[in-house]
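Me: I'm new to reading protein models and would like to zoom in on just one part of this one. Could you walk me through a single helix, and then show me what else is around in the fold?

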Amino acid sequence: MIKLITAGESHGKGLTTIVTGFPANLEISRDYINEQLQRRQAGYGRGLRMKIETDQVEIISGIRHGKTLGSPISMIIWNKDWENWKESMSAEPVDKKIDKVTIPRPGHADLVGVTKYNFDDIRNSIERSSARETAARVAGCSIARKFLSEFGIHIGSFVESIGGIYSKENIAEKFLLNKLSHNYSAEKLNKLSDKSSVRVLDKNQEEKIIRKIKLTKKRGDTLGGTFYVIVTGLPPGIGSFVEYNTRLEAELSLAIMSIQAVKGVEIGLGFKSAELFGSEVHDEIILKGETFSRKTNRAGGIEGGISTGLPLIIRAAMKPIATLMSPIQSIDLSKMKTIEARRERSDFVAVPACAVIAESMAAWTIAKLFLQKFGGDSIEEVKDNYSNYMKKYFSRIKKNFAI
């Protein structure tokens, strides 16, 4: 069982990631992890913090000469902004008086955090609930992403909408109708979406979104949006229906809903399937050479909690960021009086970054279930187990049902 632990505060010294359970001899480089960290930081509409931080990972343990050892992997991302917060975020008591944050932001973890943990300073809630924590997740999940790539499994994403602006072309429909080439890789999808400053696949849509973001900045407001995560190359048989918490769609939904500000997740047609006839929803099964396939992929690559072998299609919705430069009403807890919510340095829109984080969480979830099925102590052993399964997958079914 692989495990991921992150630690650290938004303005602390740094963010720490510990990853355990991956097999030995998996090739992984610092540059590979840093590439994913850079993708997370990109996107038009990000805040001033991204100008301060250039996230780079420092590998502390578990990797030697570019290969995993099978032992725990530990990594650190140092916060450059720590220099401005040494006293405010010191682990040791300081003589200087530190101003307490007493005005919670609606929509953030500020008020619920001080209520739950009995804090007298909202800063304690702000620091750990911040989406800055996802940098540590992306670093850790990069191990999972690289592991999956060894088996031809790739994870990509694109932004569907920001602020209610959609493309005239329904790009996701190509995935749902299974109209893409068999050789189409999510890697190719990322190369296209990463060219856009807001990670959309339509140039006209990009221009409209940028104009709306500029208007949003002037208003001191924020925007949310929707995005798709696509996984290609996944074999049939990942996940299970024998236990409720081993269902692939359940694990994926949990992972992506755990990302700050994500408020909804759909698999395949998702909520739209509730409006249609069954004949318009379910994917007809066909023979395609020496394997099974489907005419369409409205189920999003999952049936009965198990992967079908078609691309996974995950759609998620991110709400607008809670910190507003033109604040709405709140309460000053030190005076119990109505006041404008406080400002905290933040982004105006982070949907492109959220899509990259969701890629990472999907990679982690799939790697976990993949290793449960094909596990081994070394990458070579896992590959042998996987190869044996794939060679015999179709022939086993023919043998079992032979008359």
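Reply: Here is a walk along one helix, followed by a look at the sheet. Keep in mind that this is a predicted model. Let's take helix 3, which spans residues 110-117. Which of its residues are buried? Those are Asp110, Gly113 and Val114. They cover an arc of only 90 degrees around the axis, so they sit on the same side of helix 3. Turn to the other side and you'll find Val112, Thr115 and Lys116, which are exposed. So what covers the buried residues? Part of the cover is helix 4, residues 123-129. Right after helix 3 comes Asn118, and its phi is positive, near 60 degrees.

Now for the sheet. It is an open one with four strands in the order 1-2-6-3, and the pairing is antiparallel. Strand 1 (3-7) and strand 3 (57-61) are at the edges with a single partner strand each, so one side of each has no neighbour in the sheet. On average, neighbouring strands here are turned by 20 degrees against each other, if you ignore direction. In general, strands of a sheet pair through backbone hydrogen bonds. Strand 1 is joined to strand 2 (residues 14-20) by five bridges, and Leu4 stands opposite Val19 in strand 2.

One more helix belongs in this picture: helix 1 (residues 30-41) lies across strand 3 and strand 6 (73-78). Helix 1 runs at about 135 degrees to strand 3.

Notes. Residues numbered from 1 in each chain as written. Predicted model: local features only at pLDDT ≥ 70, side-chain atom pairs only at ≥ 80, totals over all residues. Heavy atoms only, no water. Buried < 20%, exposed > 50% of the residue type's maximum accessible area, 1.4 Å probe, protein only. Helix = DSSP H or I, 4+ residues; strand = E, 2+ residues; numbered from the N terminus. Arc of directions from axis to C-beta. Contact = heavy atoms within 4.5 Å. Pairing = 2+ DSSP bridges. Axes fitted to C-alpha atoms, helices over the stretch in contact; angles between N-to-C directions.
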